[in-house]
Amino acid sequence: MTSRPVGTLAQRKRQLVADELTQAALGLLARGGFDAVTVDEIAAAAGVSKRTFFRYFASKEDVVVQFLTGLGAAMREELANRPATESPSTALRHTVWRSIDMCAGQTERTLRVVQLILGTPALLARFLERQAQWREELAAVVAERLGLDPATELYPRLAAGMALTAFHTVLQQWSESDGTADPAALTDGCFAVIAPALDAVAGE
């Protein structure tokens, strides 16, 4: 914990500034809409210069999508830690729920950010790019759990892709319901549909 104090301090400072920019952006964008808010306004709200903004983020899209960046890491961690005896569908359902709960279990602003991302083409495109990265990461964990070669076997990417489709579908349904739909029930419903394929392909 203390072997790299300088690096740790620098990382914490950088993360603090990034978090301040993200929070400022989310507050402004949720109220004013994505197109109406400028980078100058975001930087001013965070108390930094426009130049500082671009040291942390390449665009407005990046600063918003950053809000959901941790979801991919959370899913990868959850899947890697699921019991080896679980069926693929059960392990992946818990994996998806970990991130859904991170979204739905937070403040109302989380809902507004999800609605902003799903309803803004530029943000949705970035979010889908992130999900493509998550698919590769989840596929690697699926392959390791089942002893498959991800370079030659189709199953790992297909399974990861189905799980992420469920994830996106739940977020979309929850968003469209303005937060009234039960995300746990939506997650269970999605996996009730895809579980037979997940488990049959894996030979369960």
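**Figure 1. His168 in its helix.** His168 is found in helix α9. This is a predicted model, and this close-up is a good place to start getting to know it. Buried or exposed, which is His168? With a relative accessible area of 15%, His168 is buried, the limit being under 20%. Look past its neighbours within four places in sequence and you'll find His168 in contact with Leu118, Leu124, Phe127, Leu128 and Gln131.

**Figure 2. Stepping back to the whole chain.** Here's the full picture before we zoom in again. The chain has 10 helices and zero strands, so reading along the sequence just gives α-α-α-α-α-α-α-α-α-α. Its C-alpha trace spans about 55 × 50 × 30 Å along the principal axes. Of the 204 residues in the chain, 41% are buried. Now take the contacts between residues at least 6 apart in sequence: 68% of them join residues at least 24 apart. On the outside, the chain exposes about 10800 Å², and carbon and sulfur atoms supply 54% of that area.

**Figure 3. The largest nonpolar core, with Phe167 in view.** Which residues touch the most other members of this core? They are Val64, Phe167 and Leu171, out of 54 residues in the core. Helix α9 (residues 155-176) gives the largest share of this core, 10 residues. Zoom in on Phe167 and set aside its neighbours within four places in sequence: Phe167 is in contact with Leu71, Val96, Ser99, Ile100, Phe127, Gln131 and Trp134. Two of these names may ring a bell from Figure 1, as Phe127 and Gln131 are also among the contacts of His168.

**Figure 4. Ser175, another buried residue of α9.** Ser175 lies in helix α9. At 9% relative accessibility, Ser175 counts as buried. What does Ser175 touch, not counting residues up to four places away in sequence? The list is Leu111, Val114, Gln115 and Leu118. You've met Leu118 before, as it is also in contact with His168.

**Figure 5. Asp178, with a positive phi.** Carry on along the chain and you get to Asp178, in the loop between α9 and α10 (183-201). Its phi is near 60°, a positive value in a residue other than glycine. Why point that out? Because most residues other than glycine have a negative phi. As for its surroundings, Asp178 counts as partly exposed, at 42% relative accessibility.

**Figure 6. A salt bridge between α8 and α4.** Time for some charges. The chain has 20 positive and 24 negative side chains, and the centres of the two sets lie 10 Å apart. A search of the whole structure finds 10 salt bridges. One of them is shown here: the side chains of Arg126 and Asp62 meet with 2.2 Å from N to O. This pair links distant parts of the chain, with Arg126 in helix α8 (residues 121-146) and Asp62 in helix α4 (residues 60-65), 64 residues apart. How does each partner sit? Arg126 counts as partly exposed, at 27% relative accessibility, whereas Asp62 is buried, with a relative accessible area of 17%.

**Figure 7. Arg98 and Glu78, bridging α6 and α5.** Arg98 forms a salt bridge with Glu78, and their closest N and O atoms are 3.3 Å apart. Arg98 lies in helix α6 (residues 88-104) and Glu78 in helix α5 (residues 69-81), so the pair ties together parts that are 20 residues apart in sequence. Arg98 is partly exposed, with a relative accessible area of 29%. Glu78, on the other hand, counts as buried at 16% relative accessibility.

**Figure 8. Arg82, Glu86 and the wider network.** Another salt bridge joins Arg82 and Glu86, the closest N and O atoms being 2.6 Å apart. Both partners are buried: Arg82 at 18% relative accessibility, and Glu86 with a relative accessible area of 17%. Which residues are linked with this pair in a network of salt bridges? Glu77, Glu78 and Arg98 join Arg82 and Glu86 there, which brings us back to the Arg98 and Glu78 bridge of Figure 7.

Notes
Residues are numbered from 1 along each chain as its sequence is written. This is a predicted model: local features need pLDDT of at least 70, side-chain atom pairs count only at pLDDT 80 or more; totals for chains, interfaces and linings use all residues. Side-chain values use heavy atoms; hydrogens and water are left out. Helices (H or I, at least four residues) and strands (E, at least two) are DSSP runs, numbered from the N terminus. Buried means under 20% relative accessible area, exposed over 50%, partly exposed in between (1.4 Å probe, protein chains only). Contact means heavy atoms within 4.5 Å. Accessible areas come from the Shrake-Rupley method with a 1.4 Å probe; for residues, only the protein chains shown count as cover. Lys and Arg count as positive and Asp and Glu as negative; His and the chain ends are not counted. The place of a charge is taken as NZ of Lys, CZ of Arg, CG of Asp or CD of Glu. A salt bridge is a side-chain nitrogen of Lys or Arg within 4 Å of a carboxyl oxygen of Asp or Glu. A nonpolar core is a set of buried Ala, Val, Leu, Ile, Met, Phe, Trp, Tyr and Cys residues joined through side-chain atoms within 4.5 Å.
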